[in-house]
Amino acid sequence: MSSEELRPEEFAQAACAAISDALTRQNRHEMAAVLAQAGLCGVMAAEDDGGLGLDLAFALPIAHAAGQLHLPLPLAEQILLAHALPGTPQAAALIAGERLAGIAWQGSVQAGHARLDHGPADWMLVADGDGAVLLDVTAAPCQEQSALDPEHPQLWFTLQDAPVLARLDAAAWAACERRAHLLLAEFANGAAEGALQAAASYMATRVQFGRPLSAKQAVRHLLARMRLLQEVSSAAIRRAMQTDEYGGSRDTRPALAGALGNAAYVIEKAIHLHGGMGFTWELPLHHALRAVRKLDAAFGGLSCATGRAYIQSV
């Protein structure tokens, strides 16, 4: 089947099935093997490396499903790096799920340390001047930062002795950042959709005074606003993928900043509708909120930087 006969939305159901299967496994590498066998890790990677060779539109539903199902692995980054390193042994290992790779959005090689926010990894892409380098951090000293998520903490790595596996030049690193913004925005949007679906189902089945809670006007208005924000994020992501009226690339940072803010609002309101005050232990909503907050911390100051760039452009 050629790529012209495939549709991105068809990947959503397959991704949900594979991720659900992976979540039943005991450790992260078993999870990665299940995702790789389903072709998720190599969806954008070159066919010569064992990937599917599809474009970003086909990876977005996978990132969405990962957020919706609370996958605790950096699948979006795995997809990006398998695509960004064509013709290398590292790409083949990522596609096969033999290694997990993430991207450090805080820290640099020059600083000597970097933080991994979005799941555990064996390899980590770290900024290095204008470009970036892929480092093996399996033996690198690290310190857990558990303030935002005690179960899946952020990790600060010391990089001095970490082996360099591959390099990305400035152009490749910039392209990787753009794609990462959109994939991670879709991950957050998926987390928001999962929370919204849980809240809507709960409101429809919880009965008070002989009527379901979803019959109350205030509840309906809140659910409608939550859906509106979730759809706004989805539209912004799709718009950022298109060229502007002058044929140039759009800035992807507003889509990510908006998706993170909207997702946090939706998940927090879902917890509120369930009667929780910050946590809803019988449901994984607090896991979704932690994942979104960690991404927000990873791109600290994104909203300010986006607003400053807009003002300067005007």
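In what follows, Lys and Arg count as positive and Asp and Glu as negative, while His and the chain ends are left out. On that basis the chain carries 23 positive and 32 negative charges, and the mean positions of the two sets are 12 Å apart. The structure is a predicted model, and every value below is computed from it.

The chain is built from 10 helices and 10 strands. Its radius of gyration is 20 Å, close to the 20 Å that the globule rule gives for 314 residues, so the chain is as compact as a globular protein of that length. The C-alpha trace spans about 65 × 50 × 45 Å along its principal axes. Of the contacts with a separation of 6 or more, 65% join residues 24 or more positions apart.

Burial and surface come next. Of the 314 residues, 48% are buried. The chain exposes about 14,700 Å², and carbon and sulfur atoms supply 52% of that area.

The largest nonpolar core has 92 residues, and the members that touch the most others are L35, V43, L75, L125, W173 and M226. Helix α6, residues 170–205, gives the most to this core, with 15 residues. A second core, separate from this one, has 14 residues, among them L116, L155, F157 and L159. For one view of the packing around a member of the largest core, take L75: leaving aside residues up to four places away in sequence, L75 touches I19, L35, L40, C41, I62 and A66. L35 is thus both a contact of L75 and, like L75, one of the residues that touch the most other members of the core.

The loop between α3 (56–68) and α4 (75–84) contains H70. Most residues other than glycine have a negative phi. H70 departs from this pattern, as its phi is positive, near 60 degrees. Is the residue buried or exposed? H70 has a relative accessible area of 23% and is partly exposed, because the buried class requires a value under 20% and the exposed class one over 50%.

Helix α10 covers residues 302–313 and includes I311. Although isoleucine is among the residue types that can belong to a nonpolar core, membership also requires burial. I311 has 64% relative accessibility and therefore counts as exposed, the cut-off for that class being over 50%. The C-alpha atoms of I311 and P120 are separated by 37 Å, and the two residues are 191 residues apart along the chain.

Conventions
Residues are numbered from 1 along each chain as its sequence is written. This is a predicted model: local features need pLDDT of at least 70, side-chain atom pairs count only at pLDDT 80 or more; totals for chains, interfaces and linings use all residues. Side-chain values use heavy atoms; hydrogens and water are left out. Helices (H or I, at least four residues) and strands (E, at least two) are DSSP runs, numbered from the N terminus. The radius of gyration is taken over C-alpha atoms; the globule rule is 2.2 Å times the number of residues to the power 0.38. Buried means under 20% relative accessible area, exposed over 50%, partly exposed in between (1.4 Å probe, protein chains only). Contact means heavy atoms within 4.5 Å. Accessible areas come from the Shrake-Rupley method with a 1.4 Å probe; for residues, only the protein chains shown count as cover. The place of a charge is taken as NZ of Lys, CZ of Arg, CG of Asp or CD of Glu. A nonpolar core is a set of buried Ala, Val, Leu, Ile, Met, Phe, Trp, Tyr and Cys residues joined through side-chain atoms within 4.5 Å.
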